[in-house]
Amino acid sequence: MAVSLLPSLYSLRLHTETNLGSHSSTLLLFNPHARPNRTRTQSTIIVFSSKTSGNVPVSEEAKKELLEKYGLNPDEFLSEPSLKTRRRKGQKSRGKDKELPQEEPKPTRTTHKLLQVLGGKARRMKLLSPKGMDVRPMMEVVKGAAFDILQAAGGCPAALRPGRWLDLYSGTGSVGIEAISRGCSEVHFVEMDPWVVTNVLRPNLEWTGFLDASVIHTVRVEKFLERSDKFVGENAPFDYISITPPYTQVDYGVLMDQISNSALIGEDTFVVVEYALRTDMLDSCGNLVKITDRRFGRTHLAIYGPQWAQKKKKSEK
């Protein structure tokens with residue numbers, strides 16, 4: 001064993017060698033409690049060498065005795081961090097290098113004028129609609145056919161019978177606006193998207209001059225149907241109800257059952273339903289019967305009404 005003194009070094013080195021081949025191992029130990037003085041002093045470097053005649057490594061006890069001999073705590077030098085601790089440190093270091101992915105900003109919603117009023121006082125007036133597929137307005141060919149059927153079934157082919165209209169899933173408001181233009185005295189619009197109400201529906205009502213004849217409910221249709229007495233009061237039932245939901249987001253069986261059992265439908269109410277291909281629709285809606293069921297490509301249009309409207313429609317053929 002050799003002990004030598006060198007200046008400005010604060011380390012303890014254990015050097016072990018074996019006579020089997022050229023294998024050697026070195027353990028470099030640092031004392032975290034050792035601090036240099038402001039004046040230049042000498043520190044101790046300890047080199048421990050051992051040679052064995054066989055493949056026998058230096059025991060832990062021998063290392064502890066050596067460290068204790070020089071006043072050092074063996075636990076501070078011989079203990080290794082656990083595997084769990086090493087993994088945790090590695091995860092932290094990797095986490096610092098990785099930056100969290102930033103969410104892409106949502107595209108700005110804009111509008112264009114592709115719709116128009118087909119008949120009545122506001123005929124040919126352009127209406128706003130959102131760009132993209134956020135809102136899917138009723139196609140003009142479907143809307144035109146629906147109003148032609150309603151006018152004929154009501155006994156007045158030139159216009160709608162005067163009354164009140166409930167426009168569920170109104171979106172742009174094109175169906176309800178068409179109803180006011182053709183003779184309805186009041187329309188209730190139910191649309192859950194505040195952006196659509198502010199930037200599309202209300203501007204369309206102001207542009208056509210129908211805002212005073214309109215009531216806007218910014219609420220989900222399901223909630224409106226559950227609490228229709230609160231939203232409508234004693235003014236139910238309606239003379240007309242249009243239902244133009246997003247096809248894939250509603251259960252038509254549940255929706256139609258909710259409407260059939262509500263106070264919104266009366267004996268003389270007409271119900272217009274737009275639905276997708278391969279959707280099963282009942283032949284009746286409450287006490288109303290199906291007057292027509294027509295197909296327009298992937299879109300179907302069903303209209304329910306009172307018994308007298310169905311008889312009148314058949315007699316006119």
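Q: Two strands pair if DSSP finds at least two bridges between them; how many bridges join strand β7 to β8?
A: Five bridges link β7 (residues 164–168) with β8, and the two strands run parallel. That meets the requirement of at least two, so they pair. One example is arginine 164, whose bridge partner in β8 is glutamate 186. Helices (H or I, at least four residues) and strands (E, at least two) are DSSP runs, numbered from the N terminus.

Q: What should I keep in mind about this model and its numbering?
A: The model is predicted, so local features need pLDDT of at least 70 and side-chain atom pairs count only at pLDDT 80 or more, while totals for chains, interfaces and linings use all residues. Residues are numbered from 1 along each chain as its sequence is written, and side-chain values use heavy atoms, with hydrogens and water left out.

Q: Which strand follows β8 in a parallel pairing, through four bridges?
A: Strand β9 (residues 214–217) is joined to β8 by four bridges. Within β9, valine 215 is the bridge partner of histidine 188. The chain gets from β8 to β9 by way of helix α6 (residues 194–208), in a right-handed β-α-β crossover. The term right-handed applies if, with the strands pointing away from the viewer, the path from the first strand over the helix to the second runs clockwise.

Q: Why is strand β8 largely enclosed by the rest of the structure?
A: Four of the five residues of β8 (residues 186–190) are buried. Buried means under 20% relative accessible area, exposed over 50%, and partly exposed in between (1.4 Å probe, protein chains only).

Q: Why does glutamate 274 count as buried?
A: Its relative accessibility is 1%, which is under the cut-off, so buried is the right word. Glutamate 274 sits in strand β11 (residues 265–276). Among the residues it touches, not counting those up to four places away in sequence, are Arg136, Tyr247 and His300, where contact means heavy atoms within 4.5 Å.

Q: What makes glutamate 186 and arginine 164 a salt bridge?
A: Their side chains meet at 3.2 Å, N to O. A salt bridge needs a side-chain nitrogen of Lys or Arg within 4 Å of a carboxyl oxygen of Asp or Glu, so this pair qualifies. Glutamate 186 lies in β8 and arginine 164 in β7, so the pair ties together parts that are 22 residues apart in sequence. At 26%, glutamate 186 is partly exposed, whereas arginine 164 is buried at 13%.

Q: How many salt bridges does this rule give?
A: The count is eight. Another of them joins glutamate 178 and lysine 143 at 3.6 Å, N to O. Glutamate 178 belongs to helix α5 and lysine 143 to helix α4, so parts 35 residues apart in sequence are tied together. Glutamate 178 is buried at 0%, and lysine 143 is buried at 1%.

Q: How many disulfides are there?
A: Zero. A disulfide is a pair of cysteine sulfur atoms within 2.5 Å. As for two of the cysteines, cysteine 156 is partly exposed at 31% and cysteine 184 is buried at 5%.

Q: Which residues touch the most other members of the largest nonpolar core?
A: They are Leu150, Leu160 and Trp165, in a core of 32 residues. Helix α4 gives the most to this core, with seven residues. A nonpolar core is a set of buried Ala, Val, Leu, Ile, Met, Phe, Trp, Tyr and Cys residues joined through side-chain atoms within 4.5 Å.
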